[in-house]
Amino acid sequence: MSRPVPRATRPSSHSPSPAPRVTQRTRNAPRTGGALTGGLRLGAFTAGQSLASFDAQVGPAALVVTYVRWGTPARWLAHVIAAAAANRAEPVLELYPGAFGHNASQIAAGTGGSDAWLRSFGATIAHSGKPVSISFFPEMNGRWRAWWSHDPATYVRAFRHVHQVLSSLAGSLITWFWQPSAMHNSNPDPMPWWPGGGYADVVALDGYYYFPHDSFDAIFGATIGFIRRAAPVVPIMIGETAAGPMYGRQAWEITNLFAGIRSHGLLGLVWFNRTQHLAPYPFHQDWRLQDHPAALAAFRTCLARYGPLARLTT
């Protein structure tokens, strides 16, 4: 989810923290419940809008984001997975603290009902037979997440524990996202939170066009470089992004976003398609493409230029 950045500064230039290098494909087993075709991966957080409506107005999304609180009932999760599959999309289930998992320390330990819910979640995925992507505690390196991601070592233990439990139940259906905030502005180097290549199938970077000087490389460039040095074979995509109308250059920013994805060889992007005005965050704005005709036209032009678009095969 979009969060504030306190001041306009350039990305940090300090060296990345040590991280293990990866030399082979990271997924534990081939997925059996479907796969995405080749092409640019378009995803969306639709904020309550039906995915079918988004597809018709913007373009066909192969990924659809849902925020999942720890303890969410299994019946609702089953509905989310089935609804995405009915629209030929894969759900990206972003896991957040909730009633049975308040923070990374508790989840790493599996206490307080955390593991029981996690096993129920895994059984729900397995019963569905549908592919899902899972992102554990996104933006874990952001200061606004510190109260529940805790320190990097605790986060890594929790990530690996969640991976172990869910993979034992539904591993062939799961793509694992590691989803830090990009080193835009004063966001820190995310590599201390890196769980290791055996645990992450895709790196999904979050970052927004917040300032009038922003560009793809200013937002994402430094972080992409750090990740490629640590894990050169793990694919990267933009896990959450948007550009708004605040500075009157929204169409340019969208064009720059797609060009950056292509030039850096990324898989695609997830667009945060929500009207967002949450005090005291000065950079929140109306990110919905349908509310800005020039932006929507630029976005659709880029989809045509950089396509074809990936789709779920089953």
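## Exercises on a predicted barrel model

N185 sits in the loop that links strand 5 to strand 6. The model is a predicted one, so let's work through it with that in mind.

**Exercise 1.** Work out whether N185 and R88 are buried or exposed, or something in between.

*Solution.* Start with N185: its phi is near 65 degrees, which is positive even though the residue is not glycine. Its relative accessible area is 1%. Buried means under 20%, so N185 is buried. Now turn to R88, in the loop between helix 2 (74–86) and strand 3 (90–96). R88 is another non-glycine residue with a positive phi, about 55 degrees. Its relative accessibility is 42%, so R88 counts as partly exposed. For context, most residues other than glycine have a negative phi.

**Exercise 2.** Find the strands on either side of the N185 loop and place them in the sheet.

*Solution.* The loop lies between strand 5 and strand 6. Strand 5 covers residues 174–178 and strand 6 covers 202–206; they pair in the parallel sense over two bridges. F177 has V202 of strand 6 as its bridge partner. Step back, and eight strands form a closed barrel in the order 1-2-3-4-5-6-7-8, with parallel pairing. Neighbouring strands are turned by 30 degrees against each other on average, direction ignored.

**Exercise 3.** Which residues touch the most other members of the largest nonpolar core?

*Solution.* This core has 99 residues, and the ones to pick out are F121, F136, W178, I254 and F299. Helix 6 (residues 152–170) gives the most to the core, with eight residues.

**Exercise 4.** Locate the cis peptide bond that involves P308.

*Solution.* The bond joins G307 and P308, with omega about 10 degrees. P308 lies in the segment after helix 9 (293–306).

Key
Residues numbered from 1 in each chain as written. Predicted model: local features only at pLDDT ≥ 70, side-chain atom pairs only at ≥ 80, totals over all residues. Heavy atoms only, no water. Pairing = 2+ DSSP bridges. Helix = DSSP H or I, 4+ residues; strand = E, 2+ residues; numbered from the N terminus. Axes fitted to C-alpha atoms, helices over the stretch in contact; angles between N-to-C directions. Core = buried A, V, L, I, M, F, W, Y, C linked by side-chain atoms within 4.5 Å. Buried < 20%, exposed > 50% of the residue type's maximum accessible area, 1.4 Å probe, protein only.
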